[in-house]
2 protein chains.
Amino acid sequence: MLSATSEYALRALSRLAQLSRGEAILGRDLSQSTGVPQQYLAKIMLSLRNAGLVLATRGTGGGYMLLRPADAIHLIDVVSLFEGPSTWPHCLLRGDRKCTSEKPCTAHAHWGKVRNGYLEFLEHTTLVDITQDTAHETQVTRPLRKKRARPTTNC
Amino acid sequence: MLSATSEYALRALSRLAQLSRGEAILGRDLSQSTGVPQQYLAKIMLSLRNAGLVLATRGTGGGYMLLRPADAIHLIDVVSLFEGPSTWPHCLLRGDRKCTSEKPCTAHAHWGKVRNGYLEFLEHTTLVDITQDTAHETQVTRPLRKKRARPTTNC
DNA sequence: GTACAAGAGGACCTCTGTATCAAGAGGTCA
DNA sequence: TGACCTCTTGATACAGAGGTCCTCTTGTAC
């Protein structure tokens, strides 16, 4: 689905979207309110800055702020920075050469619908949509660690 | 999306689905025709055997075959063996506690549709749907000797 | 100009999924 | 019974994502 990095980026941007216009937030505070490890968040914010999504100001009184209105930043702008192109392949079995667009497998069309649904979701959803009006609360969450369940050996 | 392991499993099962009834395929040949590393495939097949999806027979003339009709094996049966429950969380921002079912974010409902679409796809699609009718090519299978199945230790 | 605040960035660590190796266990056949 | 075949299994290696540490660079205030 989404990598932890993508999700971290969305959470940070969502937090920035809560700020009033012209207001900046420190990396430290951003880390605290999103629950993303500070040093790792710094790296993510760097990518976002290089992508022209946020403005990072150094020195006393510095911090991060959105460079564009929240409703002008779509999830796809963020996710595409951190996810490879093959995350959502044209066929579920991306490695299987037997399923091609000329000779698709039976499930191809159904899979295409699912895939398009997901991509459209990312394209049409903006930061505003995933942002709660919780600018007042300083809720601290834990760093998230992607964890996959081990293959079950029983039924 | 799907882990490599899940996809490997689906490719292998899809290959098994091409065999005629009672026919088995060697691990070596299965690896060759699916492009999955042989030793790694062996481990995956073991999980599938433990899950009651395939029959593995050792010794001369042994190999792998489906234990149920291909149209009775749904993708969800396979994928759930290898993917954890958090792969498709209820909210896109799974780590963000601010988005709850009581107080969902604006995108929650849209995300739910995408999520359900994916899950329904896995639940309704069977091996038959992802299997090409290519049983004629590189025929490296042969009838499995008539022998009782080794009782699986679990299930 | 100096002290301090704050982001930038390289080096390195850790964990997990993916992959390989080698030996073992179960089975067939002459 | 022994040679041979094939899956099983534990140990181990490798690569990449996630995460930390430390130093450097830039900017502000006095």
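Start your tour in chain B: select H1(B) and H2(B), and you'll see H1(B) pass H2(B) in a right-handed crossing. Keep in mind as you click around that this is a predicted model.

**Stop 1: where H1(B) meets H2(B)**

H1(B) covers residues 4-16. Now show the side chains where the two helices touch. On the H1(B) side, pick Arg11(B), Ala12(B) and Arg15(B); on the H2(B) side, pick Leu30(B), Ser33(B) and Thr34(B). Colour this contact by class and you get two nonpolar, two polar and two charged residues.

How far apart are the axes of H1(B) and H2(B)? They sit 10 Å apart, and the helices pack at an angle of about 110°. Angles of 65 to 115 degrees count as roughly perpendicular, so that is the label H1(B) and H2(B) get.

**Stop 2: on to H3(B)**

Keep H2(B) selected and add H3(B). This pair also packs at an angle of about 110°, with axes 9 Å apart. H2(B) and H3(B) are therefore roughly perpendicular to each other, too. To see the contact, select Gly27(B), Arg28(B), Leu30(B) and Ser31(B) from H2(B), then Gln38(B), Leu41(B), Ala42(B) and Met45(B) from H3(B). Sorted by class, the residues of this contact come out as four nonpolar, three polar and one charged. You've met Leu30(B) before: it was part of the contact with H1(B).

**Stop 3: the DNA**

Next, select DNA strand D and whatever surrounds it. You should find 30 residues, with Ala4(A), Thr5(A), Pro37(A), Gly59(A) and Gly27(B) the closest. Which element gives the most to this surface? That's H3(B), with six residues. Elements supplying at least two residues each include H1 (4-17) and H3 (38-50) of chain A, and also H2 (27-34) and strand E3 (63-66) of chain B. Try colouring the surface near DNA strand D by class: eleven residues are nonpolar, twelve polar and seven charged.

**Stop 4: a hairpin in chain A**

Gly59(A), one of the residues closest to DNA strand D, leads you to the last stop. Select strands E1(A), residues 54-57, and E2(A), residues 63-66: they run antiparallel and are joined by four bridges. Together they form a hairpin with five residues between the strands. Gly59(A) sits in that turn, and has a positive phi of about 80°. To see how the strands line up, click Ala56(A) and look across to E2(A): the residue opposite is Tyr64(A). While you're here, it helps to know that in a regular strand the side chains alternate between the two faces of the sheet.

Methods
Residues numbered from 1 in each chain as written. Chains lettered and ligands numbered in written order. Predicted model: local features only at pLDDT ≥ 70, side-chain atom pairs only at ≥ 80, totals over all residues. Near = placed C-beta within 6 Å. Nonpolar A, V, L, I, M, F, W, Y, C, P; charged D, E, K, R; others polar. Axes fitted to C-alpha atoms, helices over the stretch in contact; angles between N-to-C directions. Parallel < 35°, antiparallel > 145°, perpendicular 65-115°, else oblique. Left-handed = near helix turned anticlockwise from the far one by under 90°. Contact = placed C-beta atoms within 7 Å. Pairing = 2+ DSSP bridges.
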